[in-house]
Amino acid sequence: MFKSDVLEVLSKVHWTVPLYIFIPVIGFCIYKDIDNAIGIINFIELFALGLFVWTFTEYIMHRFVFHYAPPDKPWAQRVHFIFHGVHHDYPSDAKRLVLPPSVSIPLALLFYFLFNAILPANDVWGFFPGFILGYLFYDISHYAIHHFNFKGNIWKKIKQHHMLHHYQDPDKGYGVSSPMWDKVFGSDFIKK
């Protein structure tokens, strides 16, 4: 994908790498939450809110950032290919199914500073681990959707939804770990 060997290496990642990076982040946030004595009920509420906000963020990022490729802007076409188009061209490439740290770490920092700026003092320690757990669920489930055969009906439906995005219409089905926002915003498939 790149002429530079360094950039090529930075664009590929084993599916377990996000776990090694972000599980300690979740643990640190929980520790900070306990250290600030926010309280278990407040923590659970903020954690659940973080998970919920992740689902919306996943949908928005996939639909409006990863699929941003206007035909009259060659730079946007190239950026689209680097960030997401290569995945659509090679959907089973095991090394390009989760975000590489060169992308996920800067994005996580950006979101952390955004949430820290808009949330009341210390609430980020309850909210951010939920948000990051949502991201991990998205990344790992995305890998699983492309490489595992599922027995359970829920996972089969999630896989079908994502495979329709790849093989039927890339302008629909932006929710990877859940089709919920596709239903809300009218980008769902008509399933028979």
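A cavity here is a set of grid points where a 1.4 Å probe fits but cannot get out. With that in hand, let's walk through this predicted model.

**Stop one: the cavity.** Run your cavity finder and look for what turns up at 30 Å³ or more: the structure holds 1 such cavity. The space in the largest cavity comes to about 170 Å³. Now select Trp54, Leu99, Leu107, Phe111 and Tyr135, which are the closest to its centre among the 15 residues that line it.

Colour the lining of the largest cavity by class and you'll get 12 nonpolar, 2 polar and 1 charged residues. Which helices supply at least two residues each of that lining? Those are α3 (40–66), α5 and α6. Show α3 on its own for a moment: the largest share of the lining, 5 residues, comes from α3.

**Stop two: the helix pair.** Hide α3 and keep α5 (101–118) and α6 (124–147) on screen. Their axes sit 10 Å apart, and the two helices pack at an angle of about 150°. Angles over 145 degrees count as roughly antiparallel, so that is the label for α5 relative to α6. Turn the view to check the handedness: α5 passes α6 in a right-handed crossing.

**Stop three: the loop.** Stay with the same pair and select asparagine 122, in the loop between α5 and α6. What is the phi of asparagine 122? Positive, about 70°, although this residue is not a glycine. For context, most residues other than glycine have a negative phi. Is asparagine 122 buried, exposed or partly exposed? Its relative accessibility is 32%, so asparagine 122 counts as partly exposed.

Methods
Residues numbered from 1 in each chain as written. Predicted model: local features only at pLDDT ≥ 70, side-chain atom pairs only at ≥ 80, totals over all residues. Heavy atoms only, no water. Helix = DSSP H or I, 4+ residues; strand = E, 2+ residues; numbered from the N terminus. Buried < 20%, exposed > 50% of the residue type's maximum accessible area, 1.4 Å probe, protein only. 1 Å grid on protein atoms, 1.4 Å probe; cavity = no way out; pocket = protein on both sides within 12 Å on 5 of 7 lines; lining within 4 Å. Points joined across faces, edges and corners; volume = space filled by probe spheres on them. Nonpolar A, V, L, I, M, F, W, Y, C, P; charged D, E, K, R; others polar. Axes fitted to C-alpha atoms, helices over the stretch in contact; angles between N-to-C directions. Parallel < 35°, antiparallel > 145°, perpendicular 65-115°, else oblique. Left-handed = near helix turned anticlockwise from the far one by under 90°.
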